[in-house]
Amino acid sequence: MTAGRGAWITLEGGDGSGKTTQADLLADWLEQSGHTVVRTREPGGSEVGTLIREIVLHHRGDIAPRAEALLYAADRAHHVATVVRPALARGDVVLQDRYLDSSVAYQGAGRVLDPVEVRDLSLWAAEGALPDLTVLLDLDPAEARTRLDSADKPFDRLEAEKAEFHSRVREAYLALAAAEPERFLVLDAARAPEEIAEPIRRRVGALFD
């Protein structure tokens, strides 16, 4: 693996699928290989994004689905321009929790908006930017809810949605992965963390060959 060459890796999946655990493992491995890793997330990867995150995830009361989608797109536009692109230009590895696929899955399928319109909005906001690799951690929503319950913390607005919502989100993620197999790596998130980490490392390593 050659250090000094930038790459953009996003992690996707339903709430409770283990994205943070895998990001921790991958970041450690990349840094041990000599890479500078920029850890970030959407929403909330910038100062502006932190304010938007508070609205979309913790606002008490309803937010109209289209307004929610636009807030996520606003965060994405600022985040890509001020965090992602500068890091890639420096040759860093951007390791990001959620990107536009989350919007297609959550606001498109979950909120029953047009997924094509949601995706086009995100691509417009980000000036067409797409990651080099998207890791999808696939987990049955019932198992995900068990994990979230055991975490003993308050649910945000999306985590608190009903099972039908999360089932639509999962189906949308799998459809996105099937449509772009060259970008996605789909893994069973019910497996042990180290068993998941190994194929991620192999796929990420290939980006630098």
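**Close-up views of a predicted model**

**View 1. Strand 1 beside strand 4.** Strand 1 and strand 4 run parallel, paired over 5 bridges. Two strands count as paired when DSSP finds at least two bridges between them. Strands (E, at least two residues) and helices (H or I, at least four) are DSSP runs, numbered from the N terminus. The model is predicted: local features need pLDDT of at least 70, side-chain atom pairs count only at pLDDT 80 or more, and totals for chains, interfaces and linings use all residues. Residues are numbered from 1 along each chain as its sequence is written, and side-chain values use heavy atoms, with hydrogens and water left out. Strand 1 covers residues 7–13, and strand 4 covers 133–138. Across this pair, Glu12 has Leu136 of strand 4 as its bridge partner.

**View 2. The two faces of strand 1.** How many of the 7 residues of strand 1 are buried? The count is 7 of 7, and the strand is mostly covered. Buried means under 20% relative accessible area, exposed means over 50%, and partly exposed lies in between (1.4 Å probe, protein chains only). One side carries Ala7, Ile9, Leu11 and Gly13. The other carries Trp8, Thr10 and Glu12. Both faces are covered. In a regular strand, side chains alternate between the two faces of the sheet.

**View 3. Strand 3 and its two partners.** Strand 3 spans residues 93–97, and 4 of its 5 residues are buried, so the rest of the structure largely encloses it. Strand 1 pairs with strand 3 in the parallel sense, over 5 bridges. Strand 2 (residues 37–41) also pairs with strand 3 in the parallel sense, again over 5 bridges. Val93 is a landmark for both pairings. In strand 1, Ala7 stands opposite Val93. In strand 2, Val37 stands opposite Val93.

**View 4. The largest pocket.** This pocket holds about 790 Å³ of space. A pocket is an open set of points on a 1 Å grid over the protein atoms alone, where a 1.4 Å probe fits, with protein on both sides within 12 Å along at least five of seven lines; lining residues have an atom within 4 Å of a point. Points are joined across faces, edges and corners, and a volume is the space filled by probe spheres set on them. Which residues lie nearest the centre of the largest pocket? They are Asp15, Lys19, Arg53, Asp97 and Glu159, out of 38 lining residues. Several elements each supply at least two residues of the lining, among them helix 1 (19–32), helix 2 (47–58) and helix 4 (100–110). Strands 2 and 3 are also on that list, as are helix 3 (65–89) and helix 6 (141–150).

**View 5. The second largest pocket.** About 240 Å³ of space lies here. The lining has 21 residues, and Asp15, Leu139, Pro141, Ala144 and His166 are the closest to the centre. Strand 4, helix 6 and helix 7 (163–179) each give at least two residues to the lining.

**View 6. Helix 3, from end to end.** Helix 3 has 25 residues and reaches 34 Å from its first C-alpha to its last. That is close to the 36 Å expected at 1.5 Å a residue, taken as 1.5 Å times one less than the number of residues. Where does helix 3 bend? The bend is at Val80, by about 45 degrees, as the angle between axes fitted to the seven residues ending there and the seven starting there. Val80 is also buried in helix 3. Other buried residues of the helix include Glu68, Tyr72, Asp75, Arg76, His79 and Val83. Leu71 belongs to helix 3 as well. At 23% relative accessibility, Leu71 counts as partly exposed. Its C-alpha atom is 8.6 Å from that of Ile55, 16 residues apart along the chain.

**View 7. Backbone exceptions in three loops.** Most residues other than glycine have a negative phi, and most peptide bonds are trans. Glu42 and Pro43 are joined by a cis peptide bond, with omega about -10 degrees. Pro43 sits in the loop between strand 2 and helix 2. Val112 has a positive phi, near 60 degrees. This residue lies in the loop between helix 4 and helix 5 (115–125). Val112 counts as exposed, at 62% relative accessibility. Glu127 has a positive phi of about 55 degrees. Its loop runs between helix 5 and strand 4. Glu127 is exposed, with a relative accessible area of 65%.
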